[in-house]
Amino acid sequence: MFGLHILLAAGLAAFSGGLSPLGVLVAFVLVYLLLKMSVRLTGLRGYLLRLELGLRFAGWFVVEVCRASLDVARLVLARRVEVSPAVVPVALARADDRVATLIAALVTLTPGTLALAYRSESRTLYVHALDAGSAAEVEEGVRRIEARLLAWLDAGDGLWEAK
């Protein structure tokens, strides 16, 4: 459905003579609003919910990456570097290799952390943190990513729900 949504937005932008990234974005929002108003007719409530949660997750994750980038920059630019690197095992809530892979990728995209390994039999993700104040802080960060990701993935049609 997302591909069709983008195709409709690009078509609307081209039809109106505004085929540019901004034009497609505006058309995407217009198509979203049209779908939102006609949700009873189209039955696309699950898609719209997933789209909204996905956009919220993307915005939240961009802010988290910016915060982590500033933390790493502060460590790098400090006169005295006092870091406490650590490898922290984090037990994931869901035993699904696809979800674990996504969480590992998101953890690795966050500056200062790196997903090292995942053991599916124990649902444990091993995370290296550049400056781990405590293992609980690192674990809490991974749990926030996991909770928001699962809220997004489980919305709508339930394709990602636990098997």
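## A partly exposed turn residue and its surroundings

R123 is partly exposed, with a relative accessible area of 31%. That label applies because 31% falls between the cut-offs of under 20% for buried and over 50% for exposed. The model looked at here is a predicted one. As for its place in the chain, R123 sits in the loop that links β2 and β3. The two strands form a hairpin with four residues between them, and within it R123 takes a positive phi near 55°. The positive phi comes even though R123 is not a glycine.

Now for the strands on either side of that loop. Strand β2 covers residues 113–119 and strand β3 covers residues 124–129, and the two pair in the antiparallel sense over six bridges. A couple of facing positions help to trace this pairing on the model: L114 stands opposite H128 in β3, and T113 stands opposite A129 in β3. Strand β3 also has β1 as a partner, again antiparallel, with six bridges joining them. Here P89 is the residue to look for, as it stands opposite Y126 in β3.

Stepping back to the whole chain, there are six helices and three strands. Going along the sequence, they come in the order α-α-α-α-β-α-β-β-α. How spread out is the chain for its 163 residues? Its radius of gyration is 20 Å, whereas the globule rule gives 15 Å, so the chain is more spread out than a compact globule. Along the principal axes, the C-alpha atoms fill a box of roughly 55 × 45 × 20 Å. Of the 163 residues, 31% are buried. Among contacts with a separation of 6 or more, 62% are between residues 24 or more positions apart. The accessible surface adds up to about 10,300 Å², and carbon and sulfur atoms own 65% of it. As for charge, the chain carries 17 positive and 15 negative side chains, and the centres of these two sets lie 5 Å apart.

Back at the strands, L92 is worth a stop. This residue is found in the loop between β1 (86–91) and α5 (97–109). Is L92 buried or exposed? It counts as buried, because its relative accessibility of 2% is under the 20% cut-off. Leaving out residues up to four places away in sequence, L92 touches A100, I103, Y118, R123, L125, V142 and E146. So the list of contacts includes R123, the turn residue from the start. Sequence distance and spatial distance can also be compared for L92 and E82: these are 10 residues apart along the chain, and their C-alpha atoms are separated by 30 Å.

One of the residues that L92 touches, E146, can be followed into helix α6, which spans residues 135–154. E146 counts as buried, since its relative accessibility is 4% and the limit is 20%. Apart from neighbours within four places in sequence, E146 is in contact with L92, A93, R94 and I103. I103 also turns up among the residues that L92 touches.

What about T110, in the loop between α5 and β2? T110 is buried too, because 12% relative accessibility is again under 20%. With residues up to four places away left aside, T110 touches F61, V65, A68 and I145. T110 also lies 8.6 Å from C66, C-alpha to C-alpha, although 44 residues separate the two along the chain.

Last comes helix α4, made up of residues 45–77, where L53 is located. Which residues does L53 touch, not counting those up to four places away in sequence? They are A151, W152 and A155. L53 and A155 are 102 residues apart in sequence, yet their C-alpha atoms are 7.9 Å apart in space.

Notes: Residues are numbered from 1 along each chain as its sequence is written. This is a predicted model: local features need pLDDT of at least 70, side-chain atom pairs count only at pLDDT 80 or more; totals for chains, interfaces and linings use all residues. Side-chain values use heavy atoms; hydrogens and water are left out. The radius of gyration is taken over C-alpha atoms; the globule rule is 2.2 Å times the number of residues to the power 0.38. Buried means under 20% relative accessible area, exposed over 50%, partly exposed in between (1.4 Å probe, protein chains only). Contact means heavy atoms within 4.5 Å. Accessible areas come from the Shrake-Rupley method with a 1.4 Å probe; for residues, only the protein chains shown count as cover. Lys and Arg count as positive and Asp and Glu as negative; His and the chain ends are not counted. The place of a charge is taken as NZ of Lys, CZ of Arg, CG of Asp or CD of Glu. Two strands pair if DSSP finds at least two bridges between them.
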